[in-house]
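Student: I would like a close look at a single part of this model and what surrounds it. Please take it in one connected account.

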Amino acid sequence: MIYGINIYEIDTANIAAFASAFDVNGPWQRISRRLPGHVHTILLRRSTHLLFFLVQDIWESERDYANAESNPEVYSFRQSLRTLTACQQSLGTFRFRDQWEREQDSDHTYRKSSDLRTWQMD
């Protein structure tokens with residue numbers, strides 16, 4: 001599974017419109033139902049700063065996520081969200097630890113650095 005994470009800061013006047021975009025019958029649900037590999041979307045609202053939302057899209061694979069990102073309908077939906085937001089930041093995709101460790105172990109080109117000085121901060 002792949003988890004795509006995006007953070008949005010919403011203009012106060014657009015909070016209801018932004019939230020409804022992710023409702024059960026909202027545009028994202030209609031689009032995402034047709035996307036291969038889309039599992040689920042979670043919309044979270046920050047409890048201390050109510051203008052901030054986190055959207056977590058769950059995908060079966062990195063390929064499904066990449067295909068969705070290049071889908072014109074998804075692009076159009078994301079553009080419509082930008083009209084509602086003050087700021088948007090994509091944090092990229094994430095995996096659970098057991099999955100990335102398993103993939104790392106099977107990838108013989110991956111090499112851990114044995115020299116920890118490469119990680120030192122100046």
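Student: Which strands does helix 4 lie across, and at about what angle does it run to strand 4?

Tutor: This is a predicted model, and the description below should be read as such. Helix 4 lies across strand 1, strand 3 and strand 4. Its direction runs at about 140° to strand 4. Helix 4 covers residues 72-82.

The sheet under the helix comes next. It is an open sheet of four strands in the order 2-3-1-4, with antiparallel pairing. Strand 2 and strand 4 (85-94) are the edge strands, each pairing on one side only. On average, neighbouring strands of this sheet are turned by 15° against each other, direction ignored. Helix 3 also packs on the sheet, where it touches strand 1, strand 3 and strand 4; the direction of helix 3 makes about 120° with that of strand 3.

Strand 3 (residues 52-59) is contacted by helix 4 and by helix 3. Six of the eight residues of strand 3 are buried, so the strand is mostly covered, with buried meaning under 20% relative accessible area. Strand 3 pairs with strand 1 (residues 2-10) in the antiparallel sense over eight bridges. Within that pairing, I7 stands opposite L54, and G4 has D57 as its bridge partner. Strand 3 also pairs with strand 2 (residues 38-45), again in the antiparallel sense, over seven bridges. There, Q56 of strand 3 is the bridge partner of I42. A hairpin through six residues joins strand 2 to strand 3.

Helix 4 also takes part in the interior. The largest nonpolar core has 19 residues, of which F18, F22, W28, L35, F77 and L81 touch the most other members. Helix 4 supplies at least two residues of this core, as do strand 1, helix 1 (15-20), helix 2 (27-32), strand 3 and helix 3 (62-69). W28 touches V74, F77 and R78, among others. Leaving out residues up to four places away in sequence, the other contacts of W28 are A21, F22, L35, H38, T41 and D57. D57, the partner of G4 in strand 3, is thus one of the residues that W28 touches.

S80 is a further residue of helix 4. S80 counts as partly exposed because its relative accessibility is 34%, and partly exposed lies between the 20% and 50% limits. S80 and A21 are 59 residues apart in sequence, while their C-alpha atoms are 9.5 Å apart in space. A21 is also among the contacts of W28.

Notes:
Residues numbered from 1 in each chain as written. Predicted model: local features only at pLDDT ≥ 70, side-chain atom pairs only at ≥ 80, totals over all residues. Heavy atoms only, no water. Buried < 20%, exposed > 50% of the residue type's maximum accessible area, 1.4 Å probe, protein only. Pairing = 2+ DSSP bridges. Core = buried A, V, L, I, M, F, W, Y, C linked by side-chain atoms within 4.5 Å. Contact = heavy atoms within 4.5 Å. Axes fitted to C-alpha atoms, helices over the stretch in contact; angles between N-to-C directions.
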